[in-house]
Amino acid sequence: MGGLNSAAAAKIKEICARYKNENTPLMMILSDIQNEYGYIPLEVQELVSKETGISVAEIYGVVTFYSFFSLTPKGKYVIGCCLGTACYVKGAQNVIDKFSEELKIQPGETTDDGMFTLDALRCIGACGIAPAVSINGKVYPKMDAAQVPGVINDLCLEYKEKEGQNA
Ligand code: FES
């Protein structure tokens, strides 16, 4: 968000106002902000606190508890490797290690070019096709470390194609 400009502040105030009649508006407000901006930095939490009267401590607690919320910008592609039991026993650690090696980032980090974020997830409900990887919501079944470079390559190509279409 690069400093909270007046347009962003106005938008956040508007999101807070949307739920002013709800008993427990915090999750809805934070979800809308996450969807709008992709992350919820501290300065935004402070503004939400001012608008709603909910303490920054409580807001911070929610943002950091739910993995859906993020304090920092996420990459264009968010690669979530499941490390739940079913995936783990089928070699999920090798898969996430390979993503980590190829992208030169650790789980929880984003590449410098803003393309990829790598996340370690708990069971994503796809145990039958373990090890499972979810990339921007699309589930890749029975992943193998050897497939990782190809998947990254395909995503880069897909992104370039999209960029070309928007140019
Ligand atoms: S443990 Fe990975 S999908 Fe369930």
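**A predicted two-domain chain, read from its loops and helix contacts**

N136 is found in the loop between β3 and β4, the latter strand covering residues 138-140. In this predicted model, the residue has a positive phi, near 45°, although N136 is a residue other than glycine. Is N136 buried or exposed? With 12 C-beta neighbours inside 10 Å, N136 counts as exposed, because the exposed class takes in residues with 12 or fewer such neighbours.

From this loop one can step back to the chain as a whole. The chain contains 7 helices and 4 strands, and from the N terminus on these elements follow the order α-α-α-α-β-α-α-β-β-β-α. Along its principal axes, the C-alpha trace spans about 50 × 40 × 25 Å. Of the 167 residues of the chain, 22% count as buried. Among the contacts between residues at least 6 apart in sequence, 60% join residues at least 24 apart.

The chain is divided into domain 1, residues 6-65, and domain 2, residues 77-166. The centres of domain 1 and domain 2, taken over C-alpha atoms, are separated by 29 Å. The helix pairs described next are taken in turn, beginning with those that involve α1.

Helix α1, formed by residues 6-18, packs against helix α3, formed by residues 42-52, at an angle of about 45° and with the two axes 10 Å apart. That angle makes α1 oblique to α3, and the crossing of the two helices is right-handed. Which residues make this contact? On the α1 side they are A9, I12, K13 and C16, and these meet V44, L47, V48, E51 and T52 in α3. By class, the residues of the contact of α1 with α3 divide into 6 nonpolar, 1 polar and 2 charged.

Helix α1 also has a contact with helix α2, which comprises residues 26-37; the axes of α1 and α2 come within 9 Å and cross at roughly 145°. This crossing, too, is right-handed. The contact is made by K11, I12, I15 and C16 of α1, together with I29, D32, I33 and E36 of α2. Its residues divide into 5 nonpolar, no polar and 3 charged. When the two contacts of α1 are set side by side, I12 and C16 appear in both, facing α3 in one and α2 in the other.

Further along the chain, helix α6, residues 92-103, is paired with helix α7, residues 148-166; their axes come within 9 Å and cross at roughly 55°. The two helices are therefore oblique to each other, and the crossing of α6 and α7 is right-handed. From α6 the contact draws on V95, K98, F99 and E102, and from α7 on V148, P149 and I152. By class, the contact of α6 with α7 has 5 nonpolar, no polar and 2 charged residues.

One of the residues in that contact, P149, deserves a closer look. P149 is placed in helix α7, and its C-alpha atom is separated by 10.0 Å from that of E101, although P149 and E101 are 48 residues apart along the chain. With 13 C-beta neighbours inside 10 Å, P149 counts as partly exposed, since the exposed class ends at 12 such neighbours and the buried class begins at 20.

The remaining points concern the backbone in the loops. K104 lies in the loop between α6 and β2, and this residue has a positive phi of about 60° although it is not a glycine. How many other C-beta atoms lie within 10 Å in the case of K104? There are 10, and K104 is therefore exposed.

A second backbone feature is the cis peptide bond that joins A130 and P131, for which omega is about -5°. P131 has its place in the loop between β2, residues 116-121, and β3, residues 133-135. The path then returns to its starting point, since N136 sits in the loop between β3 and β4. N136 and K104 are both non-glycine residues with positive phi, and each of them counts as exposed.

Terms used
Residues numbered from 1 in each chain as written. Predicted model: local features only at pLDDT ≥ 70, side-chain atom pairs only at ≥ 80, totals over all residues. Domains from an automatic or database assignment. Axes fitted to C-alpha atoms, helices over the stretch in contact; angles between N-to-C directions. Parallel < 35°, antiparallel > 145°, perpendicular 65-115°, else oblique. Left-handed = near helix turned anticlockwise from the far one by under 90°. Contact = placed C-beta atoms within 7 Å. Nonpolar A, V, L, I, M, F, W, Y, C, P; charged D, E, K, R; others polar.
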